[in-house]
Amino acid sequence: SMTKIARDITDLAGQMVNAHHRYPDGAVLFCGTMFAPIDDRDAPGKGASFGNMASIAVTEFMPSSRPSVWKQIPGWMLDPEGPVRVRPSYMPRLVPWFLRFIAASRPSKLRALEAQGAALCARALDDTLALLRETGLQDQISDEGCLSLYADEAEFKADRDHIEILERFGFPHEVIGRQAIKALEPELSDRIGMAVLFPQNRSMRDPYRLVLALAERFAGLRGRIEREEVVGFTRSDTIREVALKDGRKLPADEVVICAGAFSAKLAKALGEPIPLETERGYHTQIMAPGISMKHSIIWPAKAFMVTPTAGGIRVGGTVEMAGLDAAPDYRRAKVTVKRAKEALPNLRCEAFTEWMGHRPALPDTVPILSASAKMKGLFYATGHGHLGLTYAATTARLMGELITGAKPSVDLHPYRVNRF
């Protein structure tokens, strides 16, 4: 209820701004009927939500540090078309992050991380639908889910740990054969022998337009979006001001650091460093694909995803560790299109654009949703990895509860900023 918020709503909304926002783009502070998209580094929606894979991917919370994944990383890195690439010049800077990544692979730790991801994903679709209803944007989400593809029984068995985790936490899914696959998506190759349907993994029709609509609604609530670089903070035992590059200082009772892959710089400036890296992802948006699709698809063995979104078909995937400043390597995007054509033999890559964005990656795959451990009025919502859009509405609700003093709907202790 809005009556539980002590401060004036427009004042509270006006304070919930931040520079350098990139991911999760369109993350909102959702409390009763109030929500506030946070400021983008460029224009609203031009950060990572401009190019994410448009999926509410509730089944994809498994820690990347599980052995079935990290044991393949050396081979992937030696393959120029592999799903993971580390630029050699950046490798020394990644050593501390990778050590924490390996530490997160202990069996007992993995079980805890799985439960933490599942707790957020279990409510992600419902929270997203509630946000869309609240904002009159119900038409922005598809009714269809996602198909996970397997060429044969061997590929399915290789992904069995993923399916077993979903079964343990009760996420709905259905194993289907070739005939049912073709009935759902006729353009899929006959090479695909099995699939798992994830009915809850629905897609946004256009993530960029969604963020624009949220920003417009925020402005309608007399919220203000400031587009300027943050260069510092005025603080003592509490946060007082946000200093901008143009010389202004914005008074602030509360500040939320939700700047995606750029959050680490701001956290360090506040004396609270976090082990956040950027996993650079690529997509190709094809506006004349020559085919139509209803479901999104993923092929775990080939490490790509395809989503019908933004008026065309988007092909994406891959992880590149190269920091925030290196120039894009669009050969990565071309690899995913090549792989996608194995599943969709009639796919044409015409009238297309290529894009690169930054995923904020923590070594344990679980986001930070937390009050500062050192300073009153300071909060963190970052490190959502590949699930920025998936977790956005849930993050908004939980952070709204935390900031306004309500009891969070999920125990936030596992997501604390000082857990590393």
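Trainee: How many Å³ of space lie in the second largest pocket?
Mentor: This is a predicted model, in which local features need pLDDT of at least 70 and side-chain atom pairs count only at pLDDT 80 or more, whereas totals for chains, interfaces and linings use all residues. Residues are numbered from 1 along each chain as its sequence is written, and side-chain values use heavy atoms, with hydrogens and water left out. A pocket is an open set of points, on a 1 Å grid over the protein atoms alone, where a 1.4 Å probe fits and protein lies on both sides within 12 Å along at least five of seven lines. With points joined across faces, edges and corners, and volume taken as the space filled by probe spheres set on them, the space in the second largest pocket is about 380 Å³.

Trainee: Which element gives the largest share of the lining of the second largest pocket?
Mentor: The lining has 17 residues (each with an atom within 4 Å of a point), and those nearest the centre of the pocket are Tyr-90, Arg-93, Ala-264, Leu-276 and Glu-277. Two or more residues come from each of helix 4 (91–103), helix 10 (263–269) and strand 9 (277–286), where helices (H or I, at least four residues) and strands (E, at least two) are DSSP runs numbered from the N terminus. The largest share, four residues, is given by helix 4.

Trainee: How many charged residues are in the lining of the second largest pocket?
Mentor: Ala, Val, Leu, Ile, Met, Phe, Trp, Tyr, Cys and Pro count as nonpolar, Asp, Glu, Lys and Arg as charged, and the others, Gly among them, as polar. By these classes the lining has ten nonpolar and two polar residues, and the number of charged residues is five.

Trainee: At what angle do the axes of helix 5 and helix 7 cross?
Mentor: Contact between helix 5 and helix 7 (heavy atoms within 4.5 Å) is made by Arg-111, Glu-114, Ala-115 and Ala-118 on one helix and by Ile-165, Arg-168 and Phe-169 on the other. Those residues divide into four nonpolar, no polar and three charged. Axes are lines fitted to C-alpha atoms, for helices over the stretch in contact, and angles run from 0 to 180 degrees between N-to-C directions. The axes of helix 5 (residues 107–134) and helix 7 (residues 160–169) come within 11 Å, and the crossing angle is roughly 65°.

Trainee: Which strands stand at the edges of the sheet with the order 5-6-7?
Mentor: In this open sheet of three strands the pairing is antiparallel, two strands being paired if DSSP finds at least two bridges between them. Strand 5 and strand 6 pair over five bridges, while strand 6 (residues 239–244) and strand 7 pair over three. Each edge strand has a single partner strand, so one side of each is left without a neighbour in the sheet, and these edge strands are strand 5 (230–235) and strand 7 (249–251).

Trainee: Which residue takes a positive phi in the hairpin of strand 6 and strand 7?
Mentor: Across this pairing, the bridge partner of Glu-241 is Pro-251 in strand 7. The hairpin has four residues between the strands, and the residue with a positive phi, near 100°, is Gly-247.
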